[in-house]
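Hi everyone, thanks for making time for this one. I'd like to walk you through a structure, going from single residues to the whole chain. Here it is on the screen.

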Amino acid sequence: MSTGRPSLRAFRAAVFAAACVLVSAALHMLAGGAPVRAGALVAALALTWLGAFLLAARRRGMDVLLGACFAAQYGLHHLFTLGAAHEPATMWTGEHGTGLGMLLIHAAAAVLSAWALERGESALAVIVHLAVAPVRQLWAMAVVLAGPPTGAAPLPPGVRGRFSLPLPRRADFAVVVARRGPPPVVSVL
């Protein structure tokens with residue numbers, strides 16, 4: 001399923017890249033990495049944006065998103081390590097900032113990023129699907145529910161315009177089953 005024009009894809013990719021890179025850099029430093037220089041952050045933003053833009057051409061499943069997020073976190077870790085001043089190794093960071101803490105932090109960031117992307121992709125797909133509903137049908141429903149616009153001349157009998165879709169009737173909206181609320185209470189006393 002296509003998820004929009006290139007401008008929408010670019011905007012979505014920019015939002016994802018900013019969130020992913022900034023959270024990843026913060027978690028990288030939290031796990032014992034050195035502060036990341038601005039040049040490395042800009043390079044990470046550009047590369048992450050490019051990857052997100054290419055993947056945003058259509059809706060992706062969790063398997064593709066997990067793979068892409070793990071690859072992105074792997075690349076971001078190495079980019080942050082190269083673009084930072086090296087500090088002495090600790091038990092958690094290992095010799096080159098690749099200890100257990102760093103691995104766990106980047107793995108958690110990858111899983112959370114993939115989950116957020118998958119939920120966002122699902123929500124966006126629903127919004128896009130609803131947004132492309134034919135305007136004529138929406139207008140016809142509004143006319144049926146609210147009545148014809150004031151001052152509008154009715155169409156002559158037999159003339160329906162260029163469209164052959166039947167107009168909905170008010171009776172189509174009259175039958176609604178409301179099943180909200182708690183189930184009925186059955187008492188044995």
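Let's start with Leu66, which lies in helix H3. One thing to keep in mind as we go: this is a predicted model. Is Leu66 buried, exposed or partly exposed? Its relative accessibility is 27%, so Leu66 counts as partly exposed, because that class sits between the 20% cut-off for buried and the 50% cut-off for exposed. Leu66 also has a partner from elsewhere in the sequence: Ala114 is 48 residues away along the chain, yet the two C-alpha atoms are 5.2 Å apart.

Now take Leu65, which has its place in helix H3 as well. Here the relative accessibility is 6%, so Leu65 counts as buried; the cut-off for that class is under 20%. From C-alpha to C-alpha, Leu65 and Leu55 are 8.8 Å apart, with their positions ten residues apart in sequence.

Over to helix H1, where we find Ala14. With a relative accessible area of 36%, Ala14 is partly exposed. What separates the C-alpha atoms of Ala14 and Thr48 in space? The distance is 8.5 Å, for two residues that are 34 apart along the chain.

Next, the surface. Leu100 lies in helix H4, which covers residues 100-131. Its relative accessible area is 51%, so Leu100 is exposed, given that the class begins over 50%. Leu100 joins Leu103 and Leu104 in a nonpolar patch on the surface, and together the three have about 310 Å² of accessible area.

I suspect many of you are waiting for the pockets. The largest pocket has a volume of about 740 Å³. Which residues are closest to its centre? They are Phe16, Cys20, Ala52, Cys69 and Leu117, out of 32 residues that line the largest pocket. As for the elements that give two or more residues to this lining, they are helix H1 (6-30), helix H2 (38-55), helix H3 (62-82) and H4. By class, the lining of the largest pocket has 23 nonpolar residues, along with six polar and three charged ones.

Finally, let's zoom out to the fold. How many helices and strands does the protein chain have? There are five helices and zero strands, and from the N terminus on the order reads α-α-α-α-α. The protein chain has 189 residues, and buried residues make up 25% of them. Leu65, at 6% relative accessibility, is one of the buried residues.

That's my tour. Happy to rotate the model and go back to any part of it, so please jump in.

Definitions and conventions
Residues numbered from 1 in each chain as written. Predicted model: local features only at pLDDT ≥ 70, side-chain atom pairs only at ≥ 80, totals over all residues. Heavy atoms only, no water. Patch = residues over 30% accessible without salt bridge, like charges linked within 9 Å, V, L, I, M, F, W, Y side chains within 5 Å. Areas by Shrake-Rupley, 256 points an atom, 1.4 Å probe, with all protein chains shown as cover. Salt bridge = Lys/Arg side-chain N within 4 Å of Asp/Glu carboxyl O. Helix = DSSP H or I, 4+ residues; strand = E, 2+ residues; numbered from the N terminus. Buried < 20%, exposed > 50% of the residue type's maximum accessible area, 1.4 Å probe, protein only. 1 Å grid on protein atoms, 1.4 Å probe; cavity = no way out; pocket = protein on both sides within 12 Å on 5 of 7 lines; lining within 4 Å. Points joined across faces, edges and corners; volume = space filled by probe spheres on them. Nonpolar A, V, L, I, M, F, W, Y, C, P; charged D, E, K, R; others polar.
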